[in-house]
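Visitor: Hey, I'm new to this one. Can you walk me through it?
Guide: Sure, here it is.

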Amino acid sequence: MIQKDFQNNLKLYEYLKDFITPEKLQKIENLVNERSNFIVPVMEDIYQFRNAGAIVRSMEAFGFQTLYALENRNSFIPESSVSRGADKWIDIHFMQSNIDSLKKIKDKGYLIASISPEKTAINIQNYIPNQPTAVIFGTEFRGISKDFLDFSDVCIQIPMLGFTESLNVSVAAGICFYEMRNKLEKSNLNWKLTQQEKLNLKIKWAINSVSSGEEIAKHYLKNVKI
């Protein structure tokens with residue numbers, strides 16, 4: 001998350017642009033138009049750092065901006081050798097792994113969907129995300145907890161055609177990100193960021209693209225206020 005002082009500040013962004021190479025600046029301007037918070041992954045107490053890294057890398061690659069990491073006994077720490085810096089470009093919100101956290105996410109306007117092979121689950125190929133959706137992925141081995149399943153508005157399954165009954169959580173997440181992105185691209189939904197959200201994200205990316213970017217931003221704002 002960028003600091004509040006940095007938000008909605010077009011002049012700050014214009015100032016930071018002078019520190020960025022033309023190639024990087026063009027990439028920022030292009031990619032921000034492909035970002036979305038319409039689908040947000042919710043990770044329930046993931047403990048393998050490599051899985052966390054792979055999940056972050058996949059969601060960033062498919063243009064999803066925000067992830068909710070629900071922690072109980074485990075900490076969500078993306079392994080850098082796997083994430084390859086993807087966590088630098090997304091927003092991760094850390095919360096307690098409980099129903100209250102899911103309620104807070106739901107109160108933001110998200111439908112709660114669990115990825116789990118329940119008998120009543122909808123095949124992901126048939127699921128249409130027609131409203132903002134928070135997609136829960138369960139912890140390794142045990143999957144999504146019963147409380148989370150019961151709280152969910154819908155359950156979605158990835159069809160399995162072999163003897164194996166489940167996928168690694170990072171693989172399941174990658175499949176879901178691909179499917180959801182593909183469905184959004186084909187829809188008429190307003191699934192992209194607002195202009196205000198785009199500006200704030202460009203500021204965040206600009207700061208992350210510059211050595212000592214946050215200090216430069218703070219120095220600029222301090223001088224502007226003088």
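Guide: One term to start: contact means heavy atoms within 4.5 Å. This is a predicted model, where local features need pLDDT of at least 70 and side-chain atom pairs count only at pLDDT 80 or more, while totals for chains, interfaces and linings use all residues. Residues are numbered from 1 along each chain as its sequence is written, and side-chain values use heavy atoms, with hydrogens and water left out.

Visitor: OK, so what is F76 in contact with?
Guide: Leaving aside neighbours within four places in sequence, F76 is in contact with M43, I46, A52, V56, L67, A69, E71, I92 and F94.

Visitor: And which strands form the sheet, in what order?
Guide: Seven strands (DSSP E runs of at least two residues, numbered from the N terminus) make an open sheet, ordered β3-β2-β1-β6-β4-β7-β5, with parallel pairing. Two strands pair if DSSP finds at least two bridges between them.

Visitor: Which are the edge strands?
Guide: β3 (91-96) and β5 (122-123), each pairing on one side only. The partner of β5 is β7 (residues 154-157), over two bridges, and N123 stands opposite Q157 in β7.

Visitor: Switching to helices: how do α3 and α7 pack?
Guide: Helices here are DSSP H or I runs of at least four residues. Helix α3 (residues 49-61) and helix α7 (residues 169-186) pack at about 10°, axes 9 Å apart. Axes are lines fitted to C-alpha atoms, for helices over the stretch in contact, and angles run from 0 to 180 degrees between N-to-C directions. So α3 and α7 are roughly parallel (under 35 degrees).

Visitor: Which residues of α3 make that contact?
Guide: On α3, N51, A54, I55, S58 and M59.

Methods. Parallel < 35°, antiparallel > 145°, perpendicular 65-115°, else oblique.
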